[in-house]
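Me: I have just been handed a structure that is new to me. Could you walk me through it while I look at it?

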Amino acid sequence: LITIELTDLNQYYAGVFVYEVCGEIGDECAAGAVAGPGTDDVIIQDFPVVDGQTYYIVVSSWLTTDIDYTIKINSFACSDLETPSGDATQSFVAGDTVDDLDAEETRSGAILTWYEDAALSTEITDITTHLLVDGDIYYVTQFYNDCESVALAITVEEIDCSSLEIVSFTDGEVS
């Protein structure tokens with residue numbers, strides 16, 4: 001995967017386009033992004049490329065024949081996939097499930113997968129019914145374009161609701 005960014009534009013209506021065949025330039029692009037009536041940055045995010053294949057990247061603007069810009073091309077490798085974000089220790093109340101834990105993908109389109117063990121061999125297939133157990137550790141990874149991240153380990157601690165009693169009160173009126 002590569003990400004192509006077009007920044008520092010000095011003219012309107014700039015665009016960046018990726019072609020797989022030289023003869024298709026101007027006709028059928030494999031990916032493209034345009035700035036429109038502005039000088040906002042333009043990005044083609046996570047474009048899949050094949051090792052050894054030639055690609056043609058074209059920058060253009062229909063408003064002018066001369067445009068200044070900076071182009072950045074970055075690649076993505078599975079080793080670059082971050083751990084999902086979330087707190088390593090989380091509290092819960094009796095009856096909560098794995099679905100109640102707070103973990104977030106770090107990449108748009110990634111899918112979270114939950115496990116019962118550090119070896120990631122026992123997947124939790126139904127997070128809406130798998131009850132949390134005090135002191136247990138749950139592991140979550142994210143899948144993104146056939147890559148799996150390192151796991152985030154979440155230790156859960158049960159909140160004893162019986163200790164949340166009212167110990168004093170003040171009489172009053174509310175109108």
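**Cysteines, sheets and cores**

Reply: The model is a predicted one. A good place to begin is the disulfide count: the structure holds one disulfide.

Me: Which cysteines form the disulfide?

Reply: The bond joins C78 and C147, whose sulfur atoms are 1.8 Å apart. In general, a disulfide is a covalent bond between the sulfur atoms of two cysteines.

Me: What is the handedness of the link between C78 and C147?

Reply: The link is left-handed, with -60° about the S-S bond. The pair connects distant parts of the chain, 69 residues apart. C78 is in the loop between strand 6 (70–75) and strand 7 (89–92), while C147 belongs to strand 10 (residues 147–148).

Me: Is C78 buried, partly exposed or exposed? And what about C147?

Reply: C78 counts as partly exposed because its relative accessibility is 42%. C147 has 4% relative accessibility, so C147 counts as buried.

Me: Why is there no bond between C22 and C29?

Reply: The sulfur of C22 has its closest cysteine sulfur in C29, at 14 Å, which is too far for a bond; a disulfide requires sulfur atoms within 2.5 Å. The same distance applies from the side of C29, whose closest cysteine sulfur is in C22. C22 is partly exposed, with a relative accessible area of 46%. C29 also counts as partly exposed, at 37% relative accessibility.

Me: Changing topic: what is the strand order in the open sheet of three strands?

Reply: The order is 3-2-5, and the pairing is antiparallel. Strand 3 (31–34) and strand 5 (56–61) stand at the edges; each has a single partner strand, so one side of each lacks a neighbour in the sheet. On average, neighbouring strands of this sheet are turned by 10° against each other, direction ignored.

Me: How many bridges pair strand 2 with strand 3?

Reply: Strand 2 (residues 14–19) pairs with strand 3 over four bridges, in the antiparallel sense. Within that pairing, V18 has A31 of strand 3 as its bridge partner.

Me: What else is V18 in contact with?

Reply: Leaving aside neighbours within four places in sequence, V18 is in contact with I4, C29, A30, A31, I44, F47, Y55, Y56 and I57. V18 also appears in the largest nonpolar core, which has 15 residues. L9, V18, V42, I44 and F47 are the residues with the most contacts inside that core. Strand 1 (2–7), strand 2, strand 3 and strand 4 (42–47) each supply at least two residues of this core.

Me: How many residues are in the other core?

Reply: The other core has 12 residues and lies apart from the one just described. Its members include V98, L101, L152 and V156.

Me: And strand 7: which residues are on its covered face?

Reply: Q90 and F92 are on the covered face of strand 7, whereas T89 and S91 are on the uncovered one. Strand 7 is joined by four bridges to strand 11 (residues 152–158), and the two run parallel. The bridge partner of F92 in strand 11 is E158.

Me: How many salt bridges does a search of the whole structure find?

Reply: The search finds one salt bridge. E82 forms it with R107, and their closest N and O atoms are 3.5 Å apart. The two residues are 25 residues apart, with E82 in the loop between strand 6 and strand 7, and R107 in the loop between strand 7 and strand 8 (111–115). Side chains of opposite charge can pair when their charged atoms come close. E82 is partly exposed, with a relative accessible area of 33%.

Me: Last topic, the loops. Where is D100?

Reply: D100 is in the loop between strand 7 and strand 8. Its relative accessible area is 47%, so D100 is partly exposed. D100 and T128 are 28 residues apart in sequence, with 8.1 Å between their C-alpha atoms.

Me: And where does A118 lie?

Reply: A118 lies in the loop between strand 8 and strand 9 (137–144). A118 is exposed because its relative accessible area is 55%, and the cut-off for exposed is over 50%. The C-alpha atoms of A118 and Y139 are separated by 6.6 Å, although the two residues are 21 residues apart along the chain.

How values were computed:
Residues numbered from 1 in each chain as written. Predicted model: local features only at pLDDT ≥ 70, side-chain atom pairs only at ≥ 80, totals over all residues. Heavy atoms only, no water. Pairing = 2+ DSSP bridges. Axes fitted to C-alpha atoms, helices over the stretch in contact; angles between N-to-C directions. Buried < 20%, exposed > 50% of the residue type's maximum accessible area, 1.4 Å probe, protein only. Salt bridge = Lys/Arg side-chain N within 4 Å of Asp/Glu carboxyl O. Core = buried A, V, L, I, M, F, W, Y, C linked by side-chain atoms within 4.5 Å. Contact = heavy atoms within 4.5 Å.
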